[in-house]
Amino acid sequence: MKAILCTRFGAPDDLELADIADPVAGPGEVVVRIAAVGLNFFDTLLVAGKYQKKPPFPFSPGGEFAGTVESLGPGMTGFAAGDRVIGYCTYGAARERMAIDAQKLIGLPMALDFKRAAGLTITYGTGYHALVDRGELKSGETLAVLGAAGGVGLAAIELGKKLGARVIACASTDDKLALARLHGADEVVNYGRDDLRMALKQRGGDHGIDVIFDPVGASLSEAALRAIAWKGRHLVIGFAAGEIPRLPLNLTLLKGCDVRGVYFGEWVRLEPAQYKACISRLAHWAAKGELECHIDCVYPLPEMPQALKRLTQRTAMGKVIVEV
Ligand SMILES: NC(=O)c1ccc[n+]([C@@H]2O[C@H](COP(=O)([O-])OP(=O)(O)OC[C@H]3O[C@@H](n4cnc5c(N)ncnc54)[C@H](OP(=O)(O)O)[C@@H]3O)[C@@H](O)[C@H]2O)c1
């Protein structure tokens, strides 16, 4: 079968398309025929050797997928050949078939196509865990989303609206903000042009911004934090801009606010029942058309390097999908 392999840390162009042996399902595992893989910014870090986890070589990138169960390990029950599934695996999905722990799979409604479904798990799962569990976002509160047209950013806008928040989308270009508006953003800030702190202070008014969803980092984090409300929550999602900011602690004192970390992978590992219930709910909403799962573009498996470059070059708007 065909697989994209990372044999040494480097750039997307260092990935190789290889022929490898088909996997066999071991105890507790099933083999999934992968139909589509959802790419995430952390795939680019994983391939570059800059992610917190460093898999042994050779490995395939690809942390989330949709596909069909093909075969089952000895004594396995709970799934049958032909079942449509989605899953999160950190890495390993950019190949035609993957043997995976059946506990990691979640059934997929018929109404949701593989390409939209492939980008649901990490993106919307992170958005939901961040806004509901960590951010305690309430109806009527104001939510600012940085990197608003990225994968997790768009998901946070949609989920924020679903939770009844007033959503301010913040991004670097007007095109990205137009897409954010199409996904429900009430107001927008172009931080490529305008000062983020001043723009959020103006939109937040005397009260300020209740919840900040921050997947970008660098200087934008402190700028946003300075506009937060009393008892606001600044959600640390990631550092797509490359720099991990150091925030002045006096701001948390003055605002009586919280800076809260969000780690999707550890949530999945430590609270698997909550995670699975969440993803089933999100898949149901997506199948009913209540979540967009917006696709930026679709690449065939051999073009995985080009697909990853959409993310490293900051050009993607929504999910980049690899069709297998
Ligand atoms: N904590 C968790 O559990 C968790 C889960 C999922 C993702 N994440 C993190 O969240 C971040 C976003 O992930 P994603 O998959 O949504 O990524 P994405 O689709 O590539 O979106 C990232 C956004 O960041 C902004 N950005 C600013 N500087 C950038 C740069 N130098 N290169 C690329 N993008 C830049 C871009 O928006 P503008 O151009 O508008 O600034 C872009 O739309 C990543 O850091 C990722 O690791 C964390």
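Which side chain meets Lys-115 in a salt bridge? I started my notebook with this one, keeping in mind that the model is predicted.

**Entry 1: Lys-115 and its partner**

I looked up Lys-115 and found its side chain meeting that of Glu-323 in a salt bridge, with 3.3 Å from N to O. Next I checked where the two sit: Lys-115 belongs to helix 2 (residues 114-118), and Glu-323 to strand 15, so I was looking at a link between parts 208 residues apart. I then asked about exposure. Lys-115 has a relative accessible area of 28% and is partly exposed. Glu-323 is partly exposed too, at 37%.

A reminder to myself: side chains of opposite charge can pair when their charged atoms come close.

**Entry 2: Other salt bridges**

I looked up the total, and the structure holds 21 salt bridges. One of them joins Glu-64 to Lys-319, whose closest N and O atoms are 2.8 Å apart. Glu-64 is in strand 4 (residues 64-72) and Lys-319 is in strand 15 (residues 319-323), so this pair ties together parts that lie 255 residues apart in sequence. Are these two buried or exposed? I found both Glu-64 and Lys-319 buried.

Strand 4 came up again with Glu-70, which forms a salt bridge with Arg-97; here the closest N and O atoms are 2.6 Å apart. Arg-97 lies in strand 6 (residues 97-101), 27 residues from Glu-70 in the sequence. Arg-97 has 18% relative accessibility, so it counts as buried. Glu-70, at 38%, counts as partly exposed.

I also noted a network of salt bridges that links Arg-8, Asp-14 and Glu-16.

**Entry 3: The sheet**

In what order do the 6 strands of the open sheet run? I read the order as 10-9-8-11-12-13, with parallel pairing. Strand 10 (187-190) and strand 13 (258-261) are at the edges with a single partner strand each, so one side of each has no neighbour in the sheet. From one strand to the next, the twist averages 20°.

I then followed strand 13 to its partner. Strand 12 (residues 228-236) runs parallel to strand 13, and 4 bridges join them. Val-236 has Gly-261 of strand 13 as its bridge partner.

**Entry 4: Helices on the sheet**

I looked up what packs on this sheet. Helix 3 (residues 121-134) does, touching strands 8, 11, 12 and 13, and its direction makes about 150° with that of strand 11. Helix 5 (residues 174-182) packs there as well, touching strand 9 (166-171) and strand 10. The direction of helix 5 makes about 165° with that of strand 10.

Notes:
Residues numbered from 1 in each chain as written. Predicted model: local features only at pLDDT ≥ 70, side-chain atom pairs only at ≥ 80, totals over all residues. Heavy atoms only, no water. Pairing = 2+ DSSP bridges. Helix = DSSP H or I, 4+ residues; strand = E, 2+ residues; numbered from the N terminus. Axes fitted to C-alpha atoms, helices over the stretch in contact; angles between N-to-C directions. Contact = heavy atoms within 4.5 Å. Salt bridge = Lys/Arg side-chain N within 4 Å of Asp/Glu carboxyl O. Buried < 20%, exposed > 50% of the residue type's maximum accessible area, 1.4 Å probe, protein only.
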